[in-house]
Amino acid sequence: MDKVFLSLALIISGLTLGYVIQNLDRKELVTLPISIVDLRKALQKMGLLFFMPISFLGAVWIVSFENVRVVLLPVVGLSSLLFGGALGLAGAALLNKKNKDKAVLYCCGAFTNIGSVGSLVCFFFFGEAGFALAALYKMLEDISYYTIGFPLVRLLSGSSEQKQSTWKRFVGVVTDPFVAAAFTAFFLGLFLNLGGIPRPPVFETITGIFVPVGTFILLVSIGLGMRFSSVSSYIPESALVSMIKFVAVPLFGCTLAYLFNLHLLSDGLVFKVVLILTSMPVAFNALVAASIYDLDLDMANSCWLVTTLALIVVLPWLYFLLSSPLLPL
């Protein structure tokens, strides 16, 4: 259980620090050298352009790719994201929501925090091997968001902004510095791995430091934008999204992984990583989409906040499942 407590402690402390700084600045009890928005962007750049790429590179460098079925992991990841989005739309229809609110629930169902939180949990639970598999699982994440998710949300919102062809949007994604850094690190690590080049021992120490530090920085940046207002006004929506995130998508993703025989790989490690990453909360990108397309930001924030705080229960539950004979391993 120390892995659960360590994960929760890092997640809660990062979010809390960001939220405290945000409130101190709003009440003018402290004077920051830059605005909260600029501070959040600076922390995100630090985490996503420095700490996380180096961590990905070091982890992928030593992960085992002996069984070619492991390449199906990104397919499971993409399918799970799209399934969550589809359930968000279906749930919105059951709640008789208008198109703009359907767009919000699609975002909350599809956009999942498998980066800063999911990868961290995989690292604490399974070490570098789990972290590397998380990088493989999320390989198609950003591409799906910007080529499928955001265009669909724009369509539902009726917005005339950012009308680009799918190809232009795809090019924009892969040339985005954050995405490019992650892809470069992954494929460089893969090249070194498959090329049989031994990894220097110092990388184990680097990864052990960079993963929690980089994740903590990203969590602080998220905490800088946290808002607790209006959560009570969106209890049905938050409950719906919680069921999607913590019940439906894990069942779907794990079933797909089982059908792909991923439970037979690496003594069940690949399947365990799928279980964790399909059980993660709403990603902060859902709030970004709601803001861009003038949607109900309070609804998106409520679903994000409730599912993120639900990790207090979800992580011990995952630990129980991973330690029990219930998994088909």
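**Exercise 1. Packing of α4 and α13**

Task: In this predicted model, find the angle at which helix α4 (residues 99-110) and α13 pack, and decide how the two helices are oriented and which hand their crossing has.

Solution:
- Step 1. Begin with the geometry: α4 and α13 pack at an angle of about 25°, and their axes are 10 Å apart.
- Step 2. Classify the angle. Angles under 35 degrees count as roughly parallel, so α4 is roughly parallel to α13.
- Step 3. Add the hand: α4 passes α13 in a right-handed crossing.

**Exercise 2. Two helices that pack against α5**

Task: Work out how α9 and α2 are each oriented relative to α5.

Solution:
- Step 1. Take α9. With axes 11 Å apart, α5 and α9 pack at an angle of about 150°.
- Step 2. The cut-off for roughly antiparallel is over 145 degrees, so α5 is roughly antiparallel to α9. The crossing of these two helices, α5 and α9, is right-handed.
- Step 3. Turn to α2. Here α2 and α5 pack at an angle of about 110°, and the axes are 8 Å apart.
- Step 4. The range from 65 to 115 degrees counts as roughly perpendicular, so α2 is roughly perpendicular to α5. The hand is left: α2 passes α5 in a left-handed crossing.

**Exercise 3. Length and kink of α2**

Task: Compare the expected span of helix α2 (residues 36-60) with the distance between its end C-alpha atoms, then locate its kink.

Solution:
- Step 1. Helix α2 has 25 residues, and at 1.5 Å a residue they should span 36 Å. The expected span uses one less than the number of residues.
- Step 2. The end C-alpha atoms of α2 are 34 Å apart, which agrees with the expected span.
- Step 3. Now look along the helix: α2 has a kink of about 35° at Met52, shortly before the proline Pro53.

**Exercise 4. Salt bridges**

Task: State how many salt bridges a search of the whole structure finds, then examine the pairs made by Arg199, Lys138 and Asp298.

Solution:
- Step 1. The search of the whole structure finds four salt bridges. As background, side chains of opposite charge can pair when their charged atoms come close.
- Step 2. Arg199 pairs with Glu128, and their closest N and O atoms are 2.5 Å apart. Arg199 sits in the loop between α8 (177-194) and α9 (202-223), while Glu128 sits in helix α5 (residues 118-137), so this salt bridge ties together parts that are 71 residues apart in sequence.
- Step 3. Check the burial of this pair against the cut-off of under 20%. Arg199 has a relative accessible area of 17% and is therefore buried. Glu128, at 13%, is buried as well.
- Step 4. Lys138 forms a salt bridge with Glu141, with closest N and O atoms 3.2 Å apart. Both Lys138 and Glu141 are buried.
- Step 5. Asp298 pairs with Arg227, the closest N and O atoms being 3.1 Å apart. Asp298 lies in helix α13 (residues 297-309) and Arg227 in the loop between α9 and α10 (235-259), so the pair ties together parts that are 71 residues apart in sequence.
- Step 6. Asp298 has a relative accessible area of 25% and is partly exposed. Arg227, at 28%, is also partly exposed.

**Exercise 5. Positive phi in a loop**

Task: Describe the phi values, location and exposure of Asn261 and Ser266.

Solution:
- Step 1. Recall the background: most residues other than glycine have a negative phi.
- Step 2. Asn261 has a phi near 65°, a positive value in a residue other than glycine. Ser266 has a positive phi of about 50°, and it is not a glycine either.
- Step 3. Place them: Asn261 lies in the loop between α10 and α11 (269-277), and Ser266 is found in the loop between α10 and α11.
- Step 4. Asn261 has 33% relative accessibility and counts as partly exposed. Ser266, at 43%, counts as partly exposed too.

**Exercise 6. Sequence separation and distance in space**

Task: For the pairs Gly158 and Asp294 and Asp176 and Val76, set the separation along the chain beside the C-alpha distance.

Solution:
- Step 1. Gly158 is in the loop between α6 (141-157) and α7 (166-174). At 63% relative accessibility, Gly158 counts as exposed.
- Step 2. Gly158 and Asp294 are 136 residues apart along the chain, and their C-alpha atoms are separated by 10.0 Å.
- Step 3. Asp176 is in the loop between α7 and α8, and is partly exposed with a relative accessible area of 28%.
- Step 4. Asp176 and Val76 are 100 residues apart in sequence and 24 Å apart in space, C-alpha to C-alpha.

Technical notes. Residues are numbered from 1 along each chain as its sequence is written. This is a predicted model: local features need pLDDT of at least 70, side-chain atom pairs count only at pLDDT 80 or more; totals for chains, interfaces and linings use all residues. Side-chain values use heavy atoms; hydrogens and water are left out. A salt bridge is a side-chain nitrogen of Lys or Arg within 4 Å of a carboxyl oxygen of Asp or Glu. Helices (H or I, at least four residues) and strands (E, at least two) are DSSP runs, numbered from the N terminus. Buried means under 20% relative accessible area, exposed over 50%, partly exposed in between (1.4 Å probe, protein chains only). The bend at a residue is the angle between axes fitted to the seven residues ending there and the seven starting there. Axes are lines fitted to C-alpha atoms, for helices over the stretch in contact, and angles run from 0 to 180 degrees between N-to-C directions. A crossing is left-handed if the near helix is turned anticlockwise from the far one by less than a right angle, and right-handed if clockwise.
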